[in-house]
Amino acid sequence: MPDQPEKLPQNSWKSKLKPLIDTVEMIAMALVLYFLIDGVVARVRVQKISMEPTLVPGEVLLVNKLAYTFGEIDYGDIITFHYPLEPDLDYVKRVVGKPGDEVIVLDGNVRVNNQALHEPYISAAPEYEGVWDVPEDALFVLGDNRNPSADSHVWGFVPLENVIGKAFAVYWPPNKIRGLSTPNVFAADQ
């Protein structure tokens, strides 16, 4: 029998491209997962001192973008939102007043609908005074570092449509990793 040319395996080109195909598939899956996660969780860097001592500049927060799709905004939640006066900027503040509430700051105390707030997280009692009636489509927010914070007592209310989500954890820097809980702001001192 005459010599026949050696037949190459039919799938040799596939076997040579398999590592490349596997790599492309892995990158595609990583991108899909990234965009799925990014649709649910935002990352926000704390830029200013307005939330001290709870949050300090440089910390990076994880924000649940779906928190208020499936749940209610609570008093004391730390939220991120598009700053009403410059929507390209994202701010981080604490919810003090909800739609329809009356917020009164007087003699270093904050009252919501005539109930005093219990706020062990603030850096100092507010040195300003005022009364605000929260519109039905907005929130009243304050920074934990009450006196130097530019917040609702300075520039007004946050439209509900500007809310990005609820901050639930600090994940950077590594030595500051922790969860963020919502305190019961109507609890009496004990």
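This is a short tour of three neighbouring strands and one asparagine.

Before you start, note that this is a predicted model, where local features need pLDDT of at least 70 and side-chain atom pairs count only at pLDDT 80 or more, while totals for chains, interfaces and linings use all residues. Residues are numbered from 1 along each chain as its sequence is written, and side-chain values use heavy atoms, with hydrogens and water left out.

**Stop 1: strand E6.** Select residues 109-112, which make up strand E6 (strands are DSSP runs of at least two residues, numbered from the N terminus). Show the side chains and you will see them alternate: Val110 and Val112 point to one face and are buried (under 20% relative accessible area, 1.4 Å probe, protein chains only). Asn109 and Arg111 point to the other face and are not buried.

**Stop 2: the partners of E6.** Add strand E5, residues 102-106, which pairs with E6 in the antiparallel sense over 4 bridges (pairing takes at least two DSSP bridges). Look for valine 103 opposite valine 112. In the turn of this hairpin, which has 2 residues between the strands, click aspartate 107: its phi is positive, about 55 degrees. Now add E7, residues 115-116, joined to E6 by 2 bridges and also antiparallel. Here arginine 111 faces alanine 116, and asparagine 113 in the E6 and E7 hairpin has a positive phi near 50 degrees.

**Stop 3: asparagine 162.** Move to the loop between strand E10 (158-159) and strand E11 (163-172), where asparagine 162 sits. Is asparagine 162 buried or exposed? Asparagine 162 is buried, with a relative accessible area of 11%. Finish by following its side chain to the backbone oxygen of histidine 82, at 2.8 Å.

Technical notes
Buried < 20%, exposed > 50% of the residue type's maximum accessible area, 1.4 Å probe, protein only. Polar contact = N/O pair within 3.5 Å; in protein donor to acceptor, adjacent residues only side chain to side chain.
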